[in-house]
Structure formats: structure tokens, C-alpha cells
Amino acid sequence: MLIKVINPNTTSSMTATIGDCARAVVGPGTVVDAVSPAMGPVSIESHVDEALSVPGILAEIASGEAEGVDGYVIACFGDPGIDAARELAAGPVIGIAEAAMHAASFLGRGFSVVTTLGRTVGRAQDLANHYGFGRHCLGIHACDLPVLDLETDPDARKIVTEACRIAVETDGSDAVVLGCAGMADLCQHISAEIGVPVVDGVAAGTLFVQSLISLGLGTGKRGEFAAPPPKRYTGMLEGFSRP
Ligand SMILES: NC(=O)NC1=NC(=O)NC1=O
């Protein structure tokens with residue numbers, strides 16, 4: 001089977017890290033194609049960044065459908081464009097926030113989320129509530145690292161680890177969810193350091209997609225997520241028009 005893992009930001013080094021983390025967990029019959037869209041923000045740290053990442057995500061979903069992709073992971077903790085992507089895809093589409101929260105909910109009574117900048121905390125809270133994890137999500141904490149500093153700051157691992165330690169002590173949580181795809185490669189180190197399960201949504205989302213495909217399950221097409229009707233788009237979006 002072929003799973004397309006889409007890093008909605010256009011930083012190729014982060015896409016490579018994300019792809020490595022996804023490939024590390026899939027079974028022998030699964031190929032992971034990790035991509036960034038040709039257009040979009042170099043990192044996603046605001047509502048504007050998230051909105052501007054969606055056209056590129058949808059372009060990747062559309063090309064994936066033509067290429068016979070079996071399922072998709074949207075590897076950004078805001079789960080941008082997830083509903084629109086599900087309209088375009090036949091197979092399952094899972095965002096890393098939804099995946100990580102589901103996984104963490106199996107590990108105890110409650111989990112903490114550690115995200116990047118403080119301004120992304122509200123979005124993570126909205127997603128927890130939207131997905132039905134408001135009761136399980138005991139706290140959402142920012143490590144105050146910009147997304148791309150996760151790759152460049154030599155202290156990034158220590159900063160995220162300490163933020164996770166403080167989150168668990170503050171919230172009394174049983175597990176931690178990493179609130180950024182760029183943290184995926186820190187997961188095992190942090191878990192060993194703080195002594196609680198740490199969930200990376202890239203790995204969790206990839207395995208959930210693999211499992212759904214193995215069960216022969218894809219996105220339901222009877223109603224809300226049926227293929228969208230023909231539509232003309234103008235200006236910069238003209239290429240998205242559906243005859
Ligand atoms: N909360 C976040 O920082 N989310 C993210 N921004 C990105 O560019 N990738 C993420 O996962």
C-alpha cells in the first residue's frame with residue numbers, strides 16, 4: 001500500500017525528518033511518500049499560515065488520487081484542510097493532532113499537549129474539543145520555540161523535554177502529545193527522559209492510516225465527504241477548478 005505523508009510547510013528538511021519517522025513504523029508492505037506542497041508557508045505558526053497551507057495540501061491530495069495513493073497523513077498539528085482533504089480522497093485522511101489525541105487517550109485518564117508557540121495553544125484546545133477529547137486533555141503548554149528552531153536550535157531537544165516534564169507535573173497527566181510534526185524525532189528521547197509515554201502524531205497517524213487501509217476502510221462518500229460538485233475558481237486558484 002502507498003501512504004502519502006504531507007508536511008504542509010515547505011521546509012524540505014522537516015519533510016525528510018517526518019518521512020523517516022513515518023517509515024520507521026510501517027509494515028513491510030507499506031510505502032511512505034513524504035512530501036511538501038510546491039507552495040505554502042515555510043512553517044505554520046498562525047491562523048494565516050494554516051489557511052495559506054491548505055491549497056498546497058489539496059493539490060497534493062488531488063495528485064495522490066491520480067497516482068493511486070491509498071491513504072494520507074496531514075503532518076501539521078493544526079490538522080489543516082482535513083475536511084476538504086477528506087472530500088477529495090477515497091482513502092482515509094488523518095491529521096496528526098487527531099491521531100495523537102486518540103492514541104494518548106488509550107494510555108491513561110488524561111494527557112498533556114506540548115506545542116511550539118503560545119499562539120498555537122488555542123488552536124490545539126479547539127481541536128481537542130472538536131475531536132471529543134476536551135475531558136482527556138488536561139493541559140496545553142507552549143515550549144515557545146518557533147517551528148524551524150526545532151531544527152536549528154542546539155537546545156531544542158532540552159527545551160521541549162523540559163516543557164514536557166513541566167506539563168506532566170503541572171497537569172498530573174499520564175501521557176504527553178507532541179504538538180508539532182517537527183518534534184517527531186524527539187519522541188523516544190523525551191519519553192525516556194521523563195518516564196511517561198510520549199505520542200508523536202506522525203507515527204500514530206501513519207499507523208492508523210495503515211490499519212484502516214488494511215481493514216479495507218476509506219472515507220465515507222455518501223454525504224458530507226462526497227466528492228465536491230463541479231466548481232470554477234478564479235485568480236490564483238483557477239487551477240483548482242473542477243469541470
Ligand atoms: N503547532 C505547530 O507548531 N504545528 C506545526 N507547524 C508546522 O509547521 N508544522 C507543525 O506541526
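**Exercise 1. Val-198**

Task: In this predicted model, decide whether Val-198 is buried or exposed, and state which residues Val-198 touches.

Solution.
Step 1. The relative accessibility of Val-198 is 10%. A residue is called buried when this value is under 20%, and Val-198 therefore counts as buried.
Step 2. Val-198 belongs to strand S8, which covers residues 198-199.
Step 3. When residues up to four places away in sequence are set aside, Val-198 touches Val-176, Leu-178, Cys-187, Ile-190 and Ser-191.
Step 4. A distance may be added: Val-26 lies 172 residues from Val-198 in sequence, and their C-alpha atoms are 18 Å apart in space.

**Exercise 2. The two sides of helix H1**

Task: Describe the span of helix H1, and determine where its buried residues lie around the axis.

Solution.
Step 1. Helix H1 runs through residues 12-23, a total of 12 residues. From the first C-alpha to the last it reaches 16 Å, close to the 16 Å expected at 1.5 Å a residue.
Step 2. The buried residues of H1 are Met-14, Thr-15, Ile-18, Gly-19, Cys-21 and Ala-22.
Step 3. Viewed down the axis of H1, these buried residues fall within an arc of 165°, so they line one face of the helix.
Step 4. A general rule helps in reading such a pattern. An α-helix has 3.6 residues a turn, so residues three or four places apart point the same way.
Step 5. On the face of H1 turned away from the buried side are the exposed residues Ser-12 and Asp-20.
Step 6. The cover over the buried residues of H1 includes strand S1 (2-6), strand S2 (31-35), helix H6 (149-152) and helix H9 (201-214).

**Exercise 3. How H9 meets H1 and H4**

Task: Find the angles at which H9 crosses H1 and helix H4, and name the residues in contact.

Solution.
Step 1. The axes of H1 and H9 come within 8 Å and cross at roughly 50°. H1 and H9 are therefore oblique to each other.
Step 2. The crossing of H1 and H9 is right-handed. Ile-18, Cys-21 and Ala-22 of H1 make this contact with Val-202, Ala-203 and Thr-206 of H9.
Step 3. For helix H4 (residues 96-105) and H9, the axes come within 8 Å and the crossing angle is roughly 90°. H4 and H9 are therefore roughly perpendicular to each other.
Step 4. On the H4 side, Ile-96, Ala-99, Ala-100, His-102 and Ala-103 meet Gly-201, Val-202, Ala-204, Gly-205 and Phe-208 of H9.

**Exercise 4. The pair H7 and H8**

Task: State how the axes of helices H7 and H8 are arranged, and give the hand of their crossing.

Solution.
Step 1. Helix H7 comprises residues 156-171 and helix H8 residues 187-194; their axes come within 10 Å and cross at roughly 50°.
Step 2. H7 and H8 are therefore oblique to each other, and their crossing is right-handed.
Step 3. H7 contributes Arg-157, Val-160, Thr-161, Cys-164, Arg-165 and Val-168 to the contact, while H8 contributes His-189, Ile-190, Glu-193 and Ile-194.

**Exercise 5. The buried face of helix H5**

Task: Identify the buried residues of helix H5 and the elements against which they pack.

Solution.
Step 1. Within H5 (residues 121-130), Ala-124, Leu-127 and Ala-128 are buried.
Step 2. Seen down the axis of H5, these residues fall within an arc of 100°, so they line one face of the helix.
Step 3. The buried residues of H5 pack against H4 and strand S6 (137-142).
Step 4. After H5 comes Gly-132, which has a positive phi near 90°.

Notes:
Residues numbered from 1 in each chain as written. Predicted model: local features only at pLDDT ≥ 70, side-chain atom pairs only at ≥ 80, totals over all residues. Heavy atoms only, no water. Helix = DSSP H or I, 4+ residues; strand = E, 2+ residues; numbered from the N terminus. Expected span 1.5 Å × (residues − 1). Buried < 20%, exposed > 50% of the residue type's maximum accessible area, 1.4 Å probe, protein only. Arc of directions from axis to C-beta. Contact = heavy atoms within 4.5 Å. Axes fitted to C-alpha atoms, helices over the stretch in contact; angles between N-to-C directions. Parallel < 35°, antiparallel > 145°, perpendicular 65-115°, else oblique. Left-handed = near helix turned anticlockwise from the far one by under 90°.
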